[in-house]
Amino acid sequence: MSRYVLRRLLHAGLALLGVSVLVFVILRVIPGDPARMLLPEGAPQSAVDELTTAAILLIVCVGVPIGIVAASRRRTVYDYAGMTFAVLGQSLPNFWLGIMLILLFGVTMRVLPTSGFEGWRYLVLPSVTLAAYPTAFVARLTRSGMLEVLNQDFVRTARSKGLAGTAVVLRHALRNAVIPVLTILGLQIGVLLSGAVITESVFAWPGIGKLIVDAIFSRDFPVVQTVLILSAAVFVLVNLVVDLLYAVLDPRIRFG
């Protein structure tokens, strides 16, 4: 296990080094004089962290349970409802969904604010918009993985021993079905942490996506370089954690 961890840490370090060099070189060959451009206003770090964290929590706490329930109750109303949600979540564009949520909850019902950041209520609509597609994707992937595992011999053996259905699903089936879900979660977390320009634009949210776009147009090299390297570092770190979780869930991986 220690050799596996050291090998993954080495790969992560090399990836960060490569990203740092690439970002530095590309930014230096971009034409334009940053001294003549108006510098952008930075985003509050608290606003950036709350939006990303809320979207990640929605993906994990909503997408995975929907997939588990849909697989364990296949061809029931729960399965059909869960998959309908998944199809809609993957089909609706972020900008359209955000506008519809604003019209429904902000303009018609007037129960949630539609822009800015002054508290947790301002977080609801943008986080739901940002998490809609990955939540639906994770729900479908969890369902397909669970269906494949639930039909295997070790699950039937566990049931034949008299274990409760919930114990079989959560203790045995989920552990074997969650590996591909972890892969998608690792990739989606990296995407969310790097910012979502469309969602931030719809809700006037001071996030990383808007910050880096403004910085690129104004040729603010230090801001662009810092945001890109930090985003790459978070992405590499998340995927390193995912790799280590692979080895914990399936010991065969560490010897591969």
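Within helix α10 (221-249), which like every helix here is a DSSP run of H or I with at least four residues, numbered from the N terminus, the buried residues include Phe221, Val224, Gln225, Ser231, Leu240 and Tyr246, where buried means under 20% relative accessible area, exposed over 50%, and partly exposed in between, with a 1.4 Å probe and protein chains only. This is a predicted model, in which local features need pLDDT of at least 70 and side-chain atom pairs count only at pLDDT 80 or more, while totals for chains, interfaces and linings use all residues. Residues are numbered from 1 along each chain as its sequence is written, and side-chain values use heavy atoms, leaving out hydrogens and water.

The largest nonpolar core, a set of buried Ala, Val, Leu, Ile, Met, Phe, Trp, Tyr and Cys residues joined through side-chain atoms within 4.5 Å, has 34 residues, of which Val138 and Met146 touch the most other members. Helix α7 gives the most to this core, with 13 residues. A second, separate core of 7 residues includes Ile102, Leu112, Leu125 and Ala132.

A salt bridge, meaning a side-chain nitrogen of Lys or Arg within 4 Å of a carboxyl oxygen of Asp or Glu, is counted 1 time by this rule. Arg143 and Asp79 form this pair, with their closest N and O atoms 2.7 Å apart; Arg143 lies in helix α5 and Asp79 in helix α3 (residues 77-91), so the pair ties together parts that are 64 residues apart in sequence.

| Residue | Relative accessible area | State |
|---|---|---|
| Arg143 | 18% | buried |
| Asp79 | 2% | buried |

Notes: Helices (H or I, at least four residues) and strands (E, at least two) are DSSP runs, numbered from the N terminus.
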